[in-house]
Amino acid sequence: MTETRHKITIEGAGVSFDCAADDTILRAGLRAGFGLPYDCNVGACGNCRTKLVSGDVVSNWPDAPGLSPRDVRKGKILGCQCRPTGDTTIDVRLDPGMAPPVPPRKTPVRLTSWKSITHDMFQFDFQGEGPVDFVPGQYALITLPGVGAPRAYSMANLPNAEGMWSFIIRRVPGGKATSWLFDSKQAGAVAILDGPYGNAYLREDNPRDIVCIAGGSGLAPLVSIVHGVGARAAMQNRIRFFYGARTRDDVYDRGLLASAGLSAGRIDQTISLSEGSASGDLRAGFIHEHVQQALQGQMNEFVYYVAGPPPMTDAVTRMLVIDNQVDIANVHYDRFF
Ligand SMILES: Cc1cc2nc3c(=O)[nH]c(=O)nc-3n(C[C@H](O)[C@H](O)[C@H](O)COP(=O)(O)OP(=O)(O)OC[C@H]3O[C@@H](n4cnc5c(N)ncnc54)[C@H](O)[C@@H]3O)c2cc1C
Ligand code: FES
C-alpha cells in the first residue's frame with residue numbers, strides 16, 4: 001500500500017518537503033532537515049506557531065494550550081500538532097541553527113527493564129532495532145499502548161549500537177502515560193518512538209565550562225550530557241551540576257553521575273531542597289538562588305544546560321538572562337510541560 005504524502009511549501013523560502021498524511025508538518029519538516037522553530041513538540045509552548053497560507057490541516061489536539069484564540073483568528077496553526085489533508089503552504093521563518101543534528105525517525109521499541117532512581121522516578125529501558133543516534137540532551141516522543149498522544153521523554157543514556165533507549169521518568173499522579181508505565185510495568189510491550197528532537201543538546205565544540213541545572217525529572221537529559229562529556233576525549237570542560245529537589249526523598253543516588261568517569265576535579269554537585277532543611281551536603285532553598293550565589297561575578301563564562309518543570313526553568317533563565325545578562329546563545333533549556 002502506498003503511503004499518502006502531501007507537499008508542504010514554505011512561502012518566501014523557495015523550499016518544500018513531503019509530509020505523510022499521518023505525520024505533523026513540524027516533524028516532517030525536521031525529518032527533511034529544515035530548521036523549523038519549535039521547542040516542546042507536544043502542543044504546549046507555542047514556538048512552532050506558523051501561518052497557514054493555503055491548504056487545509058487537521059489538528060491532533062485542537063485545544064492545545066500553545067495556540068490562543070487570537071492565534072486562531074490570525075490563521076495560525078501549531079506545526080507540531082497539525083497534519084495536512086492536501087498540499088499546503090505555510091509562512092514561517094527558517095532558522096538554520098534549528099536544523100536537526102540527527103534526522104528524527106519513527107521506530108518500534110520494546111519495554112525491557114526498569115529500576116528505581118527515587119521514590120517517584122524510575123529509569124525505563126526500551127530496546128529498538130538498529131543503532132540509536134542522538135546528541136546528549138535530546139528527547140524522543142513515545143506513543144505508549146492505549147495512551148492516545150505521544151509524550152516527550154529525554155534520553156538519559158548515550159547513543160549506542162545496541163538499540164537501547166533509556167529514560168528517567170517521574171510519575172505524575174493521575175497522568176495517563178506515567179500511570180501506564182508505573183502501574184503496568186509490562187516487559188515486552190511495544191511502543192512507537194519518534195526522535196530524536198530538541199535543541200538543548202550538548203555543544204561539544206563550545207570550550208566553556210558547563211553548568212547543568214536540573215529540577216525533578218530534568219535530571220534525565222543532564223545525566224546524558226554529563227556522560228556525553230565523559231565519553232568525549234576531546235572535551236576537557238569542567239562541569240558544575242546543580243539539582244533542585246523538593247525533599248530528601250527526591251534526591252538521586254550520586255553514583256548516577258559518578259559512572260560518567262569524570263575525575264573529582266572536573267565535576268561538582270550542588271543539591272538543594274525547596275521543602276527541606278539543609279543537612280550534610282544538601283542545601284535548602286531554590287536551586288536558581290544557589291546557582292546565582294556560586295557563580296556570582298563569573299556568570300558569563302559558562303555554557304548552561306537547563307531542564308525541568310516550567311516554573312523552575314523560567315526562574316533559572318530569568319535569573320541568568322535578565323538579572324545577570326548572560327548571553328542567551330549560551331543558555332540551552334528544555335521546559336518539561
Ligand atoms: C521536551 C520535553 C521533555 C520531557 N522529558 C521528560 C523526562 O525526561 N522525564 C519525565 O518524567 N518527563 C518529561 N517530560 C514530561 C512528559 O512528557 C509528560 O508531560 C509527563 O510524563 C506527564 O505525562 P502523563 O501522560 O503521565 O500526564 P498527562 O497529564 O496525562 O499528560 C500530560 C502531557 O500530555 C500532553 N497531552 C495531554 N492531552 C493531550 C492531547 N489531547 N493531545 C496531545 N497531547 C496531550 C500534554 O501536553 C502534556 O505534555 C518532558 C516534556 C517535554 C515537553
Ligand atoms: S513545539 Fe509546538 S507547541 Fe511547542
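Start by selecting Phe-167 in this predicted model. Setting aside neighbours within four places in sequence, Phe-167 is in contact with Gln-123, Phe-124, Tyr-153, Ser-154, Met-155, Ala-156 and Ala-220. Keep those residues highlighted, as several of them come back along the way.

**Stop 1: the core around Phe-167**

Phe-167 belongs to the largest nonpolar core, which has 87 residues. Which residues have the most contacts inside it? Click through Ala-140, Phe-167, Cys-212, Ile-213, Leu-222 and Val-226. Helix 4 supplies the largest share of this core, with 7 residues. In soluble globular proteins, nonpolar side chains tend to be buried together.

**Stop 2: the antiparallel sheet**

Now show strands 8 to 13. Here you'll find an open sheet of 6 strands, paired antiparallel, in the order 11-10-13-8-9-12. Look for strand 11 (151–154) and strand 12 (164–170) at the edges: each has a single partner strand, so one side of each has no neighbour in the sheet. Tilt the view and compare neighbouring strands: on average they are turned by 40 degrees against each other, direction ignored.

Next, pick out strand 9 (residues 121–128). Strand 9 pairs with strand 12 in the antiparallel sense, over 7 bridges. For one spot to zoom in on, select Asp-125, whose bridge partner in strand 12 is Ser-166.

Before leaving this pair, bring helix 4 into view. Helix 4 packs on the sheet and touches strand 10 (139–143), strand 11 and strand 12. The direction of helix 4 makes about 140 degrees with that of strand 12.

**Stop 3: strand 10**

Is strand 10 largely enclosed or largely open? Of its 5 residues, 4 are buried, so strand 10 is largely enclosed by the rest of the structure. Follow its pairings next:

- Strand 10 is joined to strand 11 by 4 bridges, and the two run antiparallel. Select Leu-141 and you'll see Ala-152 of strand 11 opposite.
- Strand 10 is also joined to strand 13 (residues 190–197) by 4 bridges, again antiparallel. This time select Thr-143, which stands opposite Ile-192 in strand 13.

**Stop 4: helix 4**

Select residues 219–231, which make up helix 4. How many of its 13 residues are buried? The count is 12, so to speak a mostly covered helix. The buried ones include Leu-219, Ala-220, Leu-222, Val-226 and Gly-230. You met Ala-220 earlier as one of the contacts of Phe-167.

Try a distance check as well. At 1.5 Å a residue, the 13 residues of helix 4 should span 18 Å, and its end C-alpha atoms are indeed 18 Å apart, which agrees. While you look along the helix, remember that an α-helix has 3.6 residues a turn, so residues three or four places apart point the same way.

**Stop 5: the parallel sheet**

Switch to strands 14 to 19. Another open sheet of 6 strands sits here, with parallel pairing and the order 17-16-15-14-18-19. Strand 17 (282–284) and strand 19 (331–335) are at the edges with a single partner strand each, so one side of each is left without a neighbour in the sheet. From one strand to the next, the twist averages 15 degrees.

Zoom in on strand 14 (residues 209–215) and strand 15 (residues 239–245), which pair in the parallel sense over 6 bridges. Within this pair, Val-211 stands opposite Arg-240 in strand 15.

**Last stop: the whole chain**

Zoom out and colour by domain. The domain assignment gives domain 1 (5–98), domain 2 (105–197) and domain 3 (209–335). Where do domain 1 and domain 3 lie relative to each other? Their C-alpha centres are 33 Å apart.

Key. Residues numbered from 1 in each chain as written. Chains lettered and ligands numbered in written order. Predicted model: local features only at pLDDT ≥ 70, side-chain atom pairs only at ≥ 80, totals over all residues. Expected span 1.5 Å × (residues − 1). Buried ≥ 20, exposed ≤ 12 C-beta atoms within 10 Å, placed from the backbone. Core = buried A, V, L, I, M, F, W, Y, C linked by C-beta atoms within 7 Å. Contact = placed C-beta atoms within 7 Å. Pairing = 2+ DSSP bridges. Axes fitted to C-alpha atoms, helices over the stretch in contact; angles between N-to-C directions. Domains from an automatic or database assignment.
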